[in-house]
Amino acid sequence: MSRAIKWIIAVAAFLVIIASIVGYLGYRLVTRSLPDFSQPVVISGLNQPVRVYYDDYGVPHVYAENDSDLYRVVGYLCARDRMWQMEFFRRLVGGQLSEIFGDQLLKEDRFFRTLGFYRAAERIAAGLAPESRLALTMFTRGVNAYLDDYRDRLPVEFSILDFRPEPWDITDSIAFLRFMGFQLSFAWHSELVYSQVAARLGVRRARELFPGYESDAPTILAGATSWLPDAFAAVHGQFHRALRAAGWPPFIGASNSWVVSGAKSTSGKPILANDPHLGLSLPSVWYEMHLVSNTVDVAGVALPLVPGIVIGQNRAMAWGLTNGMVDDADFYIERLHPRDSTLYWDGRQWQKMQVVQEWIYSKDRDDPVPITVRITRHGPIVSDVHPAWPSDSLALAFRWTGYEVSDETAAFMKLNRANSWESFVDALRTFRTPCQNIIYADTAGTIGYYAAGAVPIRRDGGGFAVYRGWQREGDWLGMIPFERMPHAKNPPRGYIATANNLMQRDFPYYLGNGWEPDSRIRRITALLEEKERLSPEDFMRIQLDPVSEQARKTFPLLLDIVANASLSEDELKTVKLLQEWDFAETRESAAASVYHVWFVTLLEATLKDELGDTLFNEFRFWSNFPIRAIEYLVRHPESRWWDNDTTEQRESRDDVVLAGFRQTLAYLREHYGDGPGFWEWGRLHTLTLQHVLGQASPLDRVFNRGPFPMPGSASTVPKAEYSFQEPFAVKVGASVRQIVDLAEPDAGYRVLPGGQSGQPFSPHYDDQIELWLKGEYRRVRLHRSYIRQTASAMQRFVPSGE
C-alpha cells in the first residue's frame, strides 16, 4: 500500500471519528431535554407520591392524593413537554420578545405592553378565589421545579437563542388567558375596518360589506374626521404585524360543537362533539391530560400555560366550547388638552390619564427603550403604538371586557368537578372573558347550552362603530345579566348545535354582528336531522364532512352568469364539468379549486379599486366578512361595488363575474396545468404546521411539518381556513377533535394536529398528525386498571427526602 493511500485512509478515518463525535454531541444537545420516564422525579413540596401513567402517545394520566400535589405535578409536566412554547407566549404577551430576538420586534413589544395584559393579570391575581389561587400557585411551583431540574438541559430553542427562562409566576398564566381572550375578540378587527369604510364611502356602502345574518339561517336557540381612516388603518395593521412578526398565525377563532339527547342517539345516552378552530402551528395549542385527585377525575385538553381542563369530560358529564363571537370591545376617540397630552375631555371636564412608564430591553442594545402608556377611563391609548398617528389633539382608546376583573380559573376548576346541570351552570358564573358557547351533556340524560361571558350594554344599544369618548352614546351601563344570556336545557328537537352562528333572534340586547357565515351550521344541522338516531361514528363523519353549503349557495349563481355569456369551446366544457360538482371540497376536487380561485379573484376585482391597497388588505384579514360580503353582492347586481372606479365605462356584476372566471382559468392553467385534471384542490390548498423558529431555512426542516394537501375551507364543517391575504395556505383548523358518548363516560375519542411534546426530536412532537390528516381518532379510556395495563411507561413523582 502506497504512502499516499495510507495518508488518505488515515485522513478519512480521522474525519469519520470527528463526524461521529460531532454527531453524538449534536444528538445529545437536541435530546438531553427529553424526559427519562424510567427515573422517579423528586419535587420539593409534594405532600405524597404521585403516579403518572403515559399512553402510547405520551398523554399523562396523573394520579394524586390531593389537589395541591396534582397541580404541582401538572405544572412540571406542562413545562417538561412545552417549556419553549410557554416561554414564547410569556414573552409575546408581556412584550419581551426583543430581549431574545432583538430590535426587529421592538414595535411588537411596544404594542403588547400598551395593551397591558400583565396589568390586568396583576389586578386579577389580587382577587383570586381560594381554589384558583391554590391551582395557579401549585402549577407555578411545578413549573419552577422543572426549571431547577433542567437548568442545564433545556429544549434546543433555548440553546439556539442562547438564554434561560426566568422563574414562572402566576401572573404569567393569567396574562396568557387574557391574551387568548383577546385573540378571540373580533371587535379589534371589525370596528376599525368598518369605521374606515364608512368614513371613506358612507355607511350604506359599508353595510354591504358587513351584512347582517340571513333571516333563514339556523340560530343556536331556535326561536368623522378626514384623516381618521388612514389613522385607524395604521393602528389596526400594527396588531396584524405584531402577531406575524412573532411567528404566531393571526386568527379569530371559530369552532363547531353539537350534542344530541339520548332520544337521538344509538346508545340511548347523549353524545357530544367539539372541534375548536384555532391557528394551526407546532407545538399544538392544546395539551392533553387525565387528572385524578381526591376531588376530581377529569380528562381532556388544557392550555399548557394554565392548570385545569378546558374542554373535556369527567365521570358524570362532558362539555365543549365554541367562540361566542360577541362584540366585547369598543374604540373611543379621545379629545386631548392642547397643552397637556395627559389630560382628556370627558364631556364635562378635563380628566387626568393614568400614565405608566415601562422599559423594553433588547439584545441589540445596552440600554432599555422607555415607553409611556397612557390610560383613560375607557382604556389604554392604542394609537400611541404607531408613530404615524397624525394628530396631537385626538387619540384612540380601547375598552375591552378582558380588562375587567374576573376569575376564569375558578370557572374551570368548578367545571372540571361539575356533575349536574345545576353545578355546570354555577361554574360558568365567573367565566367572563372571552364569551363562549358552552354545550353540555351528562349521564342522567340532560343536554344543554349556555352562552357564558361578559357582553357590554351600551347606552345607544349598539357598539359596532368607533365612539367619541367625550359623548355618552358609547358608555357601558353594565353587562348583560348572566341569567339573561342565551341558554337552553333539553330542547324539544333533541339536539343543540353551535358553529359561531347567531345565538338567538330577537334578543333584547345587542350581542354583535361578527357571526360566522352560516355554511357550517347549515351543514351540521342538515346532517344531524338526516338520521333519526346517531352514533359516535356518525359524529366522526359529520366532523369530517367536506361539503360547503356556502359553495352550494353561491357557485351555481356564478355559473349561471357565465353560462349565459358567449364562451369558447374550452370554457363551455369547463362550465359543464363544474355544473356536475357536488360541492364536496375534497383534496381531489378540481371544481373546488376553480371556485376558490374565482372567489379570491372576485373579491379583489370588486372591492380593491374603492378601498385602496391598505384598507382592502385589512378588510380581507379575516375571512368572515369577505365571504359574507361576496355572498351578499352576488345577489345584489345593482350594488355600486361592481363598478370599477378606475375605468371610464360602468361594469356590471355579470361583466366582473365573467372576467373573473376567465382570469381564474388562466391562472390555473399557468400554475397547475392545462385542464381540470391537474387542478386538484389539495395541490393549491396545503397546510404546513410551522414552529416559531421554522420561518426560514434550514430550521424549517427541523421544526416544521408539511406541507400536507388539505380538503375543506373556511366554509366546511372541518374548517381549513386560508387567509385571503395569502391564499391558499391553511392557517386555521380543528385544534382538537373530541367525541364523547355519555353511555361510556369513562371513554371517548380525541386527536390533535401534532402531538403532546413541544420538542421536535421527541417521538410525540408529531405522532398524531397522520391520524388527524386521515380523519382518524385515538380511543381514550379512563379506567385505572386499563390505564395501568396498557401504559407505555409509569413514573413516580415523590417528595424530597423519600
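This is a short chat about helix 9 and some ring contacts in a predicted model.

Q: What should I know before reading the numbers?
A: The model is predicted: local features need pLDDT of at least 70, side-chain atom pairs count only at pLDDT 80 or more, and totals for chains, interfaces and linings use all residues. Residues are numbered from 1 along each chain as its sequence is written, and side-chain values use heavy atoms, with hydrogens and water left out.

Q: Is helix 9 largely enclosed or not, and why?
A: Largely enclosed by the rest of the structure, because 12 of its 15 residues are buried. Buried means under 20% relative accessible area, exposed over 50%, partly exposed in between (1.4 Å probe, protein chains only). Helices (H or I, at least four residues) and strands (E, at least two) are DSSP runs, numbered from the N terminus.

Q: Which residues of helix 9 are buried?
A: Among them are Trp-188, His-189 and Glu-191.

Q: What comes just after helix 9?
A: Gly-202, with a positive phi of about 100°.

Q: New topic. How many aromatic pairs are there?
A: The structure has 49. Rings of Phe, Tyr and Trp (its six-membered ring) pair if their centres lie within 6.5 Å; planes under 30 degrees apart count as stacked, over 60 as edge-to-face and the rest as tilted.

Q: How are Trp-421 and Tyr-440 arranged?
A: Edge-to-face, 5.5 Å centre to centre, with 70° between the planes. Trp-421 is in helix 13 and Tyr-440 in strand 16, so the pair ties together parts 19 residues apart in sequence.

Q: Is Tyr-440 buried or exposed?
A: Buried, at 0% relative accessibility.
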